[in-house]
Amino acid sequence: MKEASSNIELSKGTEHIVTEVIAYLADSVVSKKILSKVTGSITASAMDVGTKIEEKNSHFDNYIQIIDGSAELTIDVKKYNLTKGQGIIIPANSSYIFNANKQFKMLSTIIKSGYED
């Protein structure tokens with residue numbers, strides 16, 4: 001599996017079609033920063049079928065929205081099957097894994113508050 005990412009942000013004040021910000025790439029996970037600040041970030045990702053994002057953990061809540069296809073997400077030990085239009089908050093300090101049983105694209109929004117409830 002390959003991983004490709006771009007840290008070049010989208011131009012401010014310019015319209016875009018969010019599902020076209022990134023494209024699928026065979027056997028790859030592709031990510032593009034839409035906006036990145038000290039206080040948080042928005043990232044678009046595309047995962048080809050058969051790819052996986054290995055176990056990760058974030059110190060902050062992470063809002064995930066599926067914008068194309070469907071995704072399998074495991075948060076701690078609970079599995080979720082999310083489809084286009086659905087979203088979920090991965091709680092701070094939880095482990096999570098993404099499996100692409102089918103191709104999917106998602107937006108990830110992290111707001112770094114400096115503390116968690």
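Start by selecting Lys32, which is found in strand 2. The model on screen is a predicted one. Lys32 has a relative accessible area of 15%, and since buried means under 20%, this lysine counts as buried. Now add Gly50 to the selection and draw a line between the two C-alpha atoms. Lys32 and Gly50 are 18 residues apart in sequence, and the C-alpha to C-alpha distance is 20 Å.

Next, colour the whole of strand 2, residues 28-37. Its neighbour to pick out is strand 3, residues 40-47. Strand 2 and strand 3 form a hairpin, with two residues between them. The pairing of these strands is antiparallel and runs over eight bridges. To see one position along the pairing, select Ser31, which stands opposite Ser45 in strand 3.

Stay on strand 3 and select Ser41, which lies in this strand. Is Ser41 buried or exposed? With a relative accessible area of 14%, Ser41 is buried. Show the residues that Ser41 touches, leaving out those up to four places away in sequence: Lys33, Leu35, Ser36, Ser108, Thr109 and Ile110.

Now consider strand 3 as a whole. How many of the eight residues of strand 3 are buried? Seven of them are, so the strand is largely enclosed by the rest of the structure. In a regular strand, side chains alternate between the two faces of the sheet.

Select strand 9, residues 104-111. Strand 9 pairs with strand 3 in the antiparallel sense, over eight bridges. Strand 3 is thus a partner in two antiparallel pairings, one with strand 2 and one with strand 9. Look for Met47, which stands opposite Phe104 in strand 9.

Phe104 leads to the aromatic rings. A pair of aromatic rings is described by the distance of the centres and the angle of the planes. The structure holds two aromatic pairs. For one of them, select Tyr96 and Phe98: their ring centres are 6.1 Å apart and their planes stand at 80°, an edge-to-face arrangement. For the other, select Phe98 and Phe104. Why is this pair called tilted? The centres are 6.1 Å apart and the planes are at 35°, and an angle that is neither under 30 degrees nor over 60 counts as tilted.

Show Tyr96, Phe98 and Phe104 together, as ring pairs link them into a cluster. Tyr96 counts as buried at 10% relative accessibility, and Phe98 counts as buried at 1%. Phe104 is buried as well as Phe98.

Move on to Lys105 and show the ring of Tyr24 with it. Lys105 lies over the face of Tyr24, 4.9 Å from the ring centre.

The last stop is a charged pair. Side chains of opposite charge can pair when their charged atoms come close. The count for this structure is one salt bridge. Which side chains meet in the salt bridge? They are those of Glu72 and Lys79, with an N to O distance of 3.8 Å. Show the surface here to compare the two partners. Glu72 has 13% relative accessibility and counts as buried, whereas Lys79, at 56%, counts as exposed.

Methods
Residues are numbered from 1 along each chain as its sequence is written. This is a predicted model: local features need pLDDT of at least 70, side-chain atom pairs count only at pLDDT 80 or more; totals for chains, interfaces and linings use all residues. Side-chain values use heavy atoms; hydrogens and water are left out. Rings of Phe, Tyr and Trp (its six-membered ring) pair if their centres lie within 6.5 Å; planes under 30 degrees apart count as stacked, over 60 as edge-to-face and the rest as tilted. Buried means under 20% relative accessible area, exposed over 50%, partly exposed in between (1.4 Å probe, protein chains only). A charge sits over a ring if NZ of Lys or CZ of Arg is within 6 Å of the ring centre and within 35 degrees of the ring normal. Helices (H or I, at least four residues) and strands (E, at least two) are DSSP runs, numbered from the N terminus. Contact means heavy atoms within 4.5 Å. Two strands pair if DSSP finds at least two bridges between them. A salt bridge is a side-chain nitrogen of Lys or Arg within 4 Å of a carboxyl oxygen of Asp or Glu.
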